[in-house]
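Hi,

Here is the structure I promised to pass on. Have a look at it first, and my notes follow underneath.

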Amino acid sequence: MNYWLMKTEPDVFSIDDLKAAGKEPWDGVRNYQARNLMRDEMKIGDPIFIYHSRVKPMGIVGEARVASEPYPDPTQFNPDEKYFDPKSDPENPRWVLVDVEYVRHYPKTLELSMLKQVPELDGMMLLAKGSRLSIQPVSEAHWNHIQSMIGD
DNA sequence: GCCAACGTTGGC
DNA sequence: GCCAACGTTGGC
């Protein structure tokens, strides 16, 4: 089992939206590293931290899980879509996604500023300077420590 | 809203 | 295949 963190801008799609939807295709990822993680590493049932970026407060707001095998992101073939990619060949799609299923909100946002002060989380990709990857692997130790901060 | 850090693109 | 120019991300 692998653990993950997925960033989202709540103005665009928040954890509340995910809760309302129940399950959501995580479309619009246009970064090869992030794509490769979805395509090659994610397994159904893998737990995911949902992270809200570019808002106050920024931080981990809850939990989801991987709910499908990887499959082609349909938005890449739709010219009306923001994420349309004219270079993607339907015979060999460039972009894939997985479905993400809501699990729970955490009782309090685990704020970025707070996480940075936790020695046990040293080395976490989220906390590295300049780390912009929107889908990140999380080590089991870091996952478990954050669970303990929630009170589990 | 600014801008540093990154990723991608395309001319050569 | 290098790398300058450009676009984007996302914390501040």
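Let me start in the middle of the sheet: Leu-5 of strand 1 has Phe-49 as its bridge partner in strand 3. Helices (H or I, at least four residues) and strands (E, at least two) are DSSP runs, numbered from the N terminus.

Before going on, the small print. This is a predicted model, in which local features need pLDDT of at least 70 and side-chain atom pairs count only at pLDDT 80 or more, while totals for chains, interfaces and linings use all residues. Residues are numbered from 1 along each chain as its sequence is written, chains are lettered from A and ligands numbered from 1 in the order in which they are written, and side-chain values use heavy atoms, with hydrogens and water left out.

Back to strand 1 (residues 3–8). Its pairing with strand 3 (residues 47–52) is parallel, over five bridges, and with strand 8 (residues 135–138) it pairs in the antiparallel sense over four bridges; strands pair if DSSP finds at least two bridges between them. Leu-5 turns up here too, with Gln-136 as its bridge partner in strand 8.

Strand 1 is largely enclosed by the rest of the structure, because six of its six residues are buried (buried means under 20% relative accessible area, exposed over 50%, partly exposed in between, with a 1.4 Å probe and protein chains only). Tyr-3, Leu-5 and Lys-7 point one way, and Trp-4, Met-6 and Thr-8 the other. In a regular strand the side chains alternate between the two faces of the sheet.

Next, helix 4 (residues 140–150). Its buried residues include His-142, Trp-143, Ile-146, Gln-147 and Ile-150. Seen down the axis, the buried residues of helix 4 fall within an arc of 140 degrees, so they line one face; the arc is that of the directions from the helix axis to the C-beta atoms. Among the elements that cover them are strand 1, strand 3, strand 4 (59–66), strand 7 (99–111) and strand 8, where contact means heavy atoms within 4.5 Å. Right after helix 4 comes Gly-151, with a positive phi near 115 degrees.

Now the DNA. A residue is near a strand if one of its heavy atoms lies within 4 Å of it. Around DNA strand C you'll find Lys-7, Tyr-51, Ser-53, Arg-54, Met-58, Leu-112, Lys-116, Arg-132 and Ser-134. Of the strand C atoms within 4 Å of the protein, 56% are sugar and phosphate.

Which side chains have a polar atom by a phosphate oxygen of DNA strand C? Lys-7 does, at 3.3 Å, Tyr-51 has an N or O atom at 3.0 Å, and Lys-116 comes in at 2.6 Å. A polar contact is a pair of N or O atoms within 3.5 Å; within protein, one must be able to donate a hydrogen and the other to accept it, and residues adjacent in sequence count only if both atoms are side-chain atoms.

Around DNA strand B are Tyr-32, Gln-33, Lys-87, Lys-129, Gly-130 and Arg-132. Here 71% of the DNA atoms within 4 Å of the protein belong to sugar or phosphate, and the rest to bases. An N or O atom in the Lys-129 side chain is 2.5 Å from a phosphate oxygen of DNA strand B, whereas one in the Arg-132 side chain is 2.7 Å from a base oxygen.

Cheers
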